[in-house]
Amino acid sequence: MTAFFSKKDLERLAGPRAYQRGVASVPAVDSLGTSGAEITATVYGSEPWQVRLDRRPAGLDYSCDCPRGMIGDFCRHCVAVGLVYLDGPVTKTRSAEFVAAQREIAGLRRLLGILDREDLINLLLDCAHDDHDLRRHLAARVDELVTPGADVNDTELRLADVRALTDPASAIPVYKKHIEARIAARNRRDYAEAARYLQHLKAAYQRLHRKSEAVAYIEALRAANARKHNLLEELAKRGL
């Protein structure tokens, strides 16, 4: 049957990042089947995900039961199935080994799901204690949870609080971004949050023995926002 979509269609629907992840997931595609214009397959990842691609008058219809697919995204699993349909499966030996490994991971995920949060953390730290590569990998994956933007998300802020203890310099830009975004929100609750994180910022500078820079930053902030009396009151409450 002639394909009713192209690789460009897959990349357009998924976006460049998800498309590249889909390329990497091609060996995880298993049990590809077709019925009329409908294409179905299983893609093994953290769990076995069920994917469907189909032709519709308005274009390509699709579904996947992974978290991204459930909110309507054209996810990497859809990309992988589309690529296998267009190009054929990877070599049988490599594909079989990859799928077997992914099935094992899916089973391991279910076993880990039995453990509570503290047990999981301890297990992961035990494994990472003597494994430098694993430590670096975990740190990199945590960084992936941080979403760049004008504001600071909760994960980025929690990460800064942890790093402030061992690497204060890396926390300072995050604190500044959070403080300035809260002041820009222009309400009392956000002003109080800004004042609270100014204390965190001051402590980070003190750990670096750069207290004068903290003082200069706070004074500049006060001067730039001299008309925001509610903000100044919140700063005064915290001795700033």
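## Asp61 and its salt-bridge network

Asp61 has a relative accessibility of 23%, so this residue counts as partly exposed. The model is predicted. Asp61 forms a salt bridge with Arg52. Their closest N and O atoms lie 3.1 Å apart.

Asp54 forms a salt bridge with Arg56, with 3.0 Å between the closest N and O atoms. Is Asp54 buried or exposed? Asp54 is buried, at a relative accessible area of 9%. Its partner Arg56 is partly exposed, at 39%. Salt bridges link Arg52, Asp54, Arg56 and Asp61 in a network.

## The four-stranded sheet

Four strands form an open sheet. The order is S1-S2-S3-S4, and the pairing is antiparallel. S1 and S4 are at the edges and have a single partner strand each, so one side of each has no neighbour in the sheet. From one strand to the next, the twist averages 15 degrees.

Six bridges join S3 and S4 in the antiparallel sense. One residue of the salt-bridge network also has a bridge partner in S4: Arg56 is matched with Gly59.

## Helix H4

H4 covers residues 76–87, twelve in number. How far does H4 reach from its first C-alpha to its last? The span is 16 Å, close to the 16 Å expected at 1.5 Å a residue. Just after the helix, Gly88 adopts a positive phi of about 90 degrees.

Most of H4 is covered, with nine of its twelve residues buried. The buried residues are His77, Cys78, Val79, Ala80, Val81, Gly82, Leu83, Val84 and Tyr85. Which elements cover them? The cover includes helices H1 (7–14) and H2 (16–24). It also includes strands S1 (29–35), S2 (38–44), S3 (48–56) and S4 (59–64). The strands of the open sheet, S1-S2-S3-S4 in order, are thus among the elements that cover the buried part of H4.

## A link between distant helices

The model's salt bridges come to 13. One of them pairs Arg188 with Glu233, the closest N and O atoms being 2.7 Å apart. This pair links distant parts of the chain. Arg188 belongs to helix H10 (residues 188–207), Glu233 to helix H12 (residues 229–237), and the two residues are 45 residues apart.

How accessible are the two partners? Arg188 is partly exposed, with a relative accessibility of 32%. Glu233 is partly exposed as well, with a relative accessible area of 40%.

Technical notes: Residues are numbered from 1 along each chain as its sequence is written. This is a predicted model: local features need pLDDT of at least 70, side-chain atom pairs count only at pLDDT 80 or more; totals for chains, interfaces and linings use all residues. Side-chain values use heavy atoms; hydrogens and water are left out. The expected span of a helix is 1.5 Å times one less than its number of residues. Buried means under 20% relative accessible area, exposed over 50%, partly exposed in between (1.4 Å probe, protein chains only). Contact means heavy atoms within 4.5 Å. Two strands pair if DSSP finds at least two bridges between them. Axes are lines fitted to C-alpha atoms, for helices over the stretch in contact, and angles run from 0 to 180 degrees between N-to-C directions. A salt bridge is a side-chain nitrogen of Lys or Arg within 4 Å of a carboxyl oxygen of Asp or Glu.
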